[in-house]
Amino acid sequence: MHSNLRYTYPPVFTVDAAGGFPPQHQAAGIEPPLVPCWTLPPARVRAKTRGCGGISSAVCLLIMVLLIVFAVLGLGAYQIMKLQTELLHLKQEIRPQSESSTPQRLVGHEAEDFMEPKHTPAAHLIGKRQDNRLKTLKWESRLGRAFTDGILYRDGGLQVNETGHYFVYSRVEFQLKDCKQRDSLAHTVYIKRGERLVRLMNDHREGFCQVGSTEWWTVGSNLGSIHQLMQYDWVFVNVSQPTRLSYDHLSNYFGLFKLP
């Protein structure tokens, strides 16, 4: 007895695993067994997520560029600090070497390069007591303000060691209490060049005191001018009456110096 109820079967698909249903089963009228196949719910479409946590691609690109810039700047700063450190170490290594090698460099140069600058040849002599028999005056060359620098002094004369232009000067002072009408005083600077005597300057005085006076009279004579002197020239000072020279060494002097 067949029931009028109809059962609703879920939709199924048959699969012919062996090239179709076997013929014996088909002849017997046996229906092939049904293989259940459930259909899955339609796949949900996943929403496309935006990159960088929901941030737009333009902002994300800007952030990446900034990160790259900061990384480059940091790397550059690191390189600069590294170079500065290396330069400091290099300076510390070079300094002791340069100090230790300074004497070695000095040895290789000529001695003249490291000599002190040459002084201008000069001499200044001051008066002293004279021998009354000699008209060529003697001078003090070491005491007081007297000095010789590059000039040789001997027996009243100054010897020039370099040819050139020199300023030569001399001053003498005479003191006398009695004099004659024809008395005169002569003051001369001359040079001795080999066997020759050459007069450079001369001063002649007459009538410097009153005849018959009992007072002391003082008269001075000054000479000074530029001359061309040769190497090994000797320069002297003569006076006509050495016995009448004053004893004040500041009033009697003689000297010369080379012009540049």
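Where does Asp178 lie? Select Asp178 and you will find yourself in the loop between S6 and S7. Keep in mind throughout that this is a predicted model.

**Stop 1: the loop at Asp178**

Is Asp178 buried or exposed? Its relative accessibility is 53%, so Asp178 counts as exposed, the cut-off being over 50%. Now add Thr214 to the selection. Asp178 and Thr214 are 36 residues apart along the chain, and their C-alpha atoms are separated by 6.6 Å.

**Stop 2: the whole chain**

Zoom out and colour by secondary structure. The protein chain has three helices and eleven strands. Follow the elements from the N terminus and you pass α-α-α and then β-β-β-β-β-β-β-β-β-β-β. Of the 260 residues, 26% count as buried. Switch on a surface if you like: the accessible surface comes to about 20500 Å², and 58% of that belongs to carbon and sulfur atoms. Among contacts with a separation of 6 or more, 70% are between residues 24 or more positions apart.

**Stop 3: a patch that includes Leu62**

Next, select Leu61, Leu62, Val65, Leu66, Val69, Phe70 and Leu73, which make a nonpolar surface patch of about 680 Å². To place the patch, look at Leu62, which is found in helix H3 (residues 57–107).

**Stop 4: the largest nonpolar core**

Move on to the strands. The largest nonpolar core has 30 residues, and those with the most contacts inside it are Leu158, Val168, Val189, Leu229, Val235 and Phe254. Show these six as sticks. At least two residues of this core come from each of S1 (122–127), S6 (164–176), S7 (184–193), S8 (196–206), S9 (217–229), S10 (234–239) and S11 (253–258). Strand S6 gives the largest share, five residues.

Centre on Leu229 and display its surroundings. Beyond its neighbours within four places in sequence, Leu229 is in contact with a set of residues that includes Val160, Tyr166, Val168, Ile191, Leu200 and Val235. Polar and charged names are also on the contact list of Leu229, among them Glu162, Thr163 and Arg193.

Now select Ile226, which lies in strand S9. Measuring from C-alpha to C-alpha, you should get 6.2 Å between Ile226 and Val168, a pair 58 residues apart in sequence. With residues within four places in sequence left aside, Ile226 is in contact with His165, Tyr166, Phe167 and Leu259.

**Stop 5: the salt bridges**

How many salt bridges does a search of the whole structure find? The search finds three. Side chains of opposite charge can pair when their charged atoms come close.

Start with Asp233 and Arg193, whose closest N and O atoms are 2.7 Å apart. This pair links distant parts of the chain: Asp233 is in the loop between S9 and S10, Arg193 is in strand S7, and 40 residues separate them. Asp233 has 2% relative accessibility, so it counts as buried, the cut-off being under 20%. Arg193, at 27%, counts as partly exposed.

Go next to Arg205 and Asp203, where the side chains meet in a salt bridge at 3.4 Å, N to O. Arg205 is partly exposed, with a relative accessible area of 31%, whereas Asp203 counts as buried at 15%.

The remaining stop of this group is Glu173 with Arg171, whose closest N and O atoms are 3.9 Å apart. Both Glu173 and Arg171 are buried. Stay on Glu173, which has its place in strand S6 and a relative accessible area of 13%. Leaving out residues up to four places away in sequence, Glu173 touches Thr218, Val219, Gly220, Arg244, Leu245, Ser246, Ser251 and Asn252.

**Stop 6: Gln241**

Finish at Gln241, whose place is in the loop between S10 and S11. Is Gln241 buried or exposed? Gln241 has a relative accessible area of 18%, so it is buried, which requires a value under 20%.

What does Gln241 touch, not counting residues up to four places away in sequence? Select Phe174, Ser184 and Leu185 to see these contacts. Then turn to the backbone of Ser184: its oxygen lies 2.9 Å from a polar atom of the Gln241 side chain.

Definitions and conventions
Residues are numbered from 1 along each chain as its sequence is written. This is a predicted model: local features need pLDDT of at least 70, side-chain atom pairs count only at pLDDT 80 or more; totals for chains, interfaces and linings use all residues. Side-chain values use heavy atoms; hydrogens and water are left out. A nonpolar core is a set of buried Ala, Val, Leu, Ile, Met, Phe, Trp, Tyr and Cys residues joined through side-chain atoms within 4.5 Å. Buried means under 20% relative accessible area, exposed over 50%, partly exposed in between (1.4 Å probe, protein chains only). Helices (H or I, at least four residues) and strands (E, at least two) are DSSP runs, numbered from the N terminus. Contact means heavy atoms within 4.5 Å. A polar contact is a pair of N or O atoms within 3.5 Å; within protein, one must be able to donate a hydrogen and the other to accept it, and residues adjacent in sequence count only if both atoms are side-chain atoms. Accessible areas come from the Shrake-Rupley method with a 1.4 Å probe; for residues, only the protein chains shown count as cover. Patches are made of residues with over 30% relative accessible area and no salt bridge: like charges are joined within 9 Å, nonpolar side chains (Val, Leu, Ile, Met, Phe, Trp, Tyr) within 5 Å. A salt bridge is a side-chain nitrogen of Lys or Arg within 4 Å of a carboxyl oxygen of Asp or Glu.
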